[in-house]
Amino acid sequence: MRIGELAKATGTTARALRHYEQAGLISSERTSNGYRAYDERAVVRVGNIRCLLAAGLTLDDVRVFLPCLDGDVAAAPPSDKGLQVALERLAVLDRRIAAQTEARDRLAAALRQAVDGQVSPVA
């Protein structure tokens with residue numbers, strides 16, 4: 001199938017597919033006219049890539065899961081390296097959430113202070 005067909009079948013974009021290919025996560029053959037051609041297995045692989053990305057992993061993280069991207073990633077037993085990558089990514093996400101929560105709390109406090117400091121006009 002061509003790149004547009006794969007994009008449609010997986011709910012992604014041709015640009016994302018080219019990015020995955022550049023990252024070494026998927027591969028294609030070139031037809032005589034230079035178009036990328038993917039086999040049917042690419043649908044499962046791209047679905048798994050998108051699932052892992054949606055879970056907060058990066059493309060670099062996803063490389064660890066290359067051996068199982070053509071199967072059911074969610075049902076496969078986790079490897080030690082896969083668990084390590086997932087735990088490290090979770091720690092990164094936790095730190096980002098904590099930083100964003102602190103920024104939100106500071107903004108909320110500043111807004112409360114600004115609103116409380118305003119004097120209501122007398123009618």
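This report describes the nonpolar core and several salt bridges of a predicted model.

The largest nonpolar core holds 21 residues, and Leu17 and Tyr20 touch the most other members. Four helices, α1 (3–10), α2 (14–22), α3 (41–54) and α4 (59–62), each supply at least two residues of this core. The largest share, four residues, comes from α3. Beyond its neighbours within four places in sequence, Tyr20 is in contact with eight named partners, namely Thr12, Leu25, Ile26, Val46, Ile49, Arg50, Leu53 and Leu59.

Charged residues form a second topic. Side chains of opposite charge can pair when their charged atoms come close. A search of the whole structure finds seven salt bridges, including those in the table.

| Salt bridge | N to O distance |
|---|---|
| Asp39 and Arg41 | 2.7 Å |
| Arg45 and Asp70 | 2.8 Å |
| Asp60 and Arg63 | 2.2 Å |

The pair of Arg45 and Asp70 links distant parts of the chain, 25 residues apart: Arg45 lies in helix α3, and Asp70 in the loop between α4 and α5 (80–116). Arg45 counts as buried because its relative accessible area is 15%, under the limit of 20%. Asp70, at 43% relative accessibility, is partly exposed. Leaving out residues up to four places away in sequence, Arg45 touches Leu25, Ile26, Leu66, Leu69 and Asp70.

In the other two pairs, Asp39 is partly exposed, with a relative accessible area of 37%, whereas Arg41 is exposed at 57%. Asp60 is exposed, with a relative accessible area of 52%, and Arg63 is partly exposed at 33%.

Key:
Residues are numbered from 1 along each chain as its sequence is written. This is a predicted model: local features need pLDDT of at least 70, side-chain atom pairs count only at pLDDT 80 or more; totals for chains, interfaces and linings use all residues. Side-chain values use heavy atoms; hydrogens and water are left out. A nonpolar core is a set of buried Ala, Val, Leu, Ile, Met, Phe, Trp, Tyr and Cys residues joined through side-chain atoms within 4.5 Å. Buried means under 20% relative accessible area, exposed over 50%, partly exposed in between (1.4 Å probe, protein chains only). Contact means heavy atoms within 4.5 Å. A salt bridge is a side-chain nitrogen of Lys or Arg within 4 Å of a carboxyl oxygen of Asp or Glu.
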